[in-house]
Amino acid sequence: MLQKYYAVRRGKNPGIYRTWPECKKQVDGFTGARYKSFTTEAEAVEFLNGKDSYTPKTKAKTAKVSENLDDFDVVVYTDGGSRNHGNVKGGHVKTTDTAAWAYHINHNNEKFEGTDGEFGATNNRMEIMALIESIKRLNDLGLVDEKIIFILDSQYVLNAITKGWLNGWKRRGYKKADGQVPVNVELWKELDSLLPTIKNKTFSWTKGHAQNEGNNRVDALLNETMDKMK
């Protein structure tokens, strides 16, 4: 099913919505309502910010993972998402906004999945949660000694792990170089305690909302979770 982003420029609560019923609530009965649907979030954001046309900066490319997945015993996809006002320029997360995480584990063609959601959470928080929960599941399944690749579309999470940010925060008592406490510090601490349980691990990035089947699967799972939240 083709994903859509509904941008409400003028309505009861301007913003970007992921379903037509959500969008309809914002424009029904609102004089001079201005809204439009798009197939990409970038187009929706441009419209929301006052532009009526959108030109991509670069040509879209098929998402590719550089590693050969056949070299790994276990392939793990994780993703986090939110439908919150914090995704909109000038917006803030509200306690009623929905957010969710999901993971998909493939081991010898046997698949294991998990997803859950919470209200008032950011996309970044859900990205960390997805990785945490996937590692917990790998421990429960007894797969921690296998050769595992984690594939994410979150540079936020990947950079913290692969660029040493997390280790640096830990050395400074979970503080950044400027002395500030990292956002989601309690989750970073939990992730740091879980990472060593995976003996042979590789992390790889994939472009989100592209043509990576595993990434699209976890995106679908978390959106199904948010659809069910009330």
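**Close-up 1. Arg-83 and its neighbours in strand β4.** In this predicted model, Arg-83 is part of strand β4, which covers residues 74-83. Arginine or not, Arg-83 counts as buried, because its relative accessibility is 13% and the cut-off for buried is under 20%. Look for Asn-223 here: its side chain and that of Arg-83 are joined by a polar contact of 3.0 Å. Leaving out residues up to four places away in sequence, Arg-83 also touches Arg-18, Thr-19, Glu-22, Asp-97, Thr-98, Met-226 and Asp-227.

**Close-up 2. The five-stranded sheet that holds β4.** Five strands sit side by side here as an open sheet, and reading across it you meet β6-β5-β4-β7-β8. The pairing is mixed. Which strands are at the edges? They are β6 (110-119) and β8, each of which pairs on one side only. Ignoring direction, neighbouring strands of this sheet are turned by 15 degrees against each other on average. Now zoom in on β4 and β7: these two run parallel, and 4 bridges join them. To spot a bridge, find Tyr-77, whose partner in β7 is Ile-151.

**Close-up 3. A three-stranded sheet with two helices packed on it.** This open sheet has 3 strands in the order β2-β1-β3, and here the pairing is antiparallel. β2 (15-17) and β3 (34-38) stand at the edges with a single partner strand each, so one side of each has no neighbour in the sheet. From one strand to the next, the twist averages 20 degrees. Strand β1 (residues 5-10) and β2 run antiparallel and are joined by 3 bridges. If you'd like a landmark, Ala-7 stands opposite Ile-16 in β2. Then come the helices. Helix α1 (residues 20-27) lies across β1, β2 and β3, and runs at about 10 degrees to β1. Helix α2 (residues 41-48) packs on the sheet too, touching β1, β2 and β3, with its direction at about 5 degrees to that of β1.

**Close-up 4. Helix α4 and what packs around it.** Helix α4 spans residues 155-162, and its buried residues are Val-157, Leu-158, Asn-159, Ala-160 and Ile-161. What do these buried residues pack against? Their partners are the helices α3 (123-141), α5 (165-171) and α6 (185-194), along with the strands β7 (147-152) and β8 (200-205). After α4 comes Gly-164, which has a positive phi, near 80 degrees.

**Close-up 5. Aromatic rings that pair up.** How many aromatic pairs does a search of the whole structure find? It finds 5. One of them is Trp-101 with Tyr-103: the ring centres are 6.0 Å apart and the planes are at 10 degrees, so this pair is stacked. Both Trp-101 and Tyr-103 are buried. Trp-169 and Trp-188 make an edge-to-face pair instead, with 5.4 Å from centre to centre and 65 degrees between the planes. Trp-169 belongs to helix α5 and Trp-188 to helix α6, so their pair ties together parts that are 19 residues apart in sequence. Are these two tryptophans buried or exposed? Trp-169 counts as buried at 10% relative accessibility, and Trp-188 is buried as well, with a relative accessible area of 1%. Tyr-156 joins in too: ring pairs link Tyr-156, Trp-169 and Trp-188 into a cluster.

**Close-up 6. A lysine over a ring.** Here the pair to find is Lys-147 and Phe-72. Lys-147 lies over the face of Phe-72, at 5.1 Å from the ring centre.

**Close-up 7. Two asparagines with positive phi.** Let's take them one at a time. Asn-108 is in the loop between β5 (98-107) and β6. Its phi is near 55 degrees, a positive value in a residue other than glycine. Asn-108 is exposed, with a relative accessible area of 63%. Asn-184 lies in the loop between α5 and α6. The phi of Asn-184 is positive as well, near 65 degrees, and again the residue is not glycine. But Asn-184 is buried, with a relative accessible area of 11%.

Notes:
Residues numbered from 1 in each chain as written. Predicted model: local features only at pLDDT ≥ 70, side-chain atom pairs only at ≥ 80, totals over all residues. Heavy atoms only, no water. Buried < 20%, exposed > 50% of the residue type's maximum accessible area, 1.4 Å probe, protein only. Contact = heavy atoms within 4.5 Å. Polar contact = N/O pair within 3.5 Å; in protein donor to acceptor, adjacent residues only side chain to side chain. Phe/Tyr/Trp six-rings, centres within 6.5 Å; stacked < 30°, edge-to-face > 60°. Lys NZ or Arg CZ within 6 Å of the ring centre and 35° of its normal. Pairing = 2+ DSSP bridges. Axes fitted to C-alpha atoms, helices over the stretch in contact; angles between N-to-C directions.
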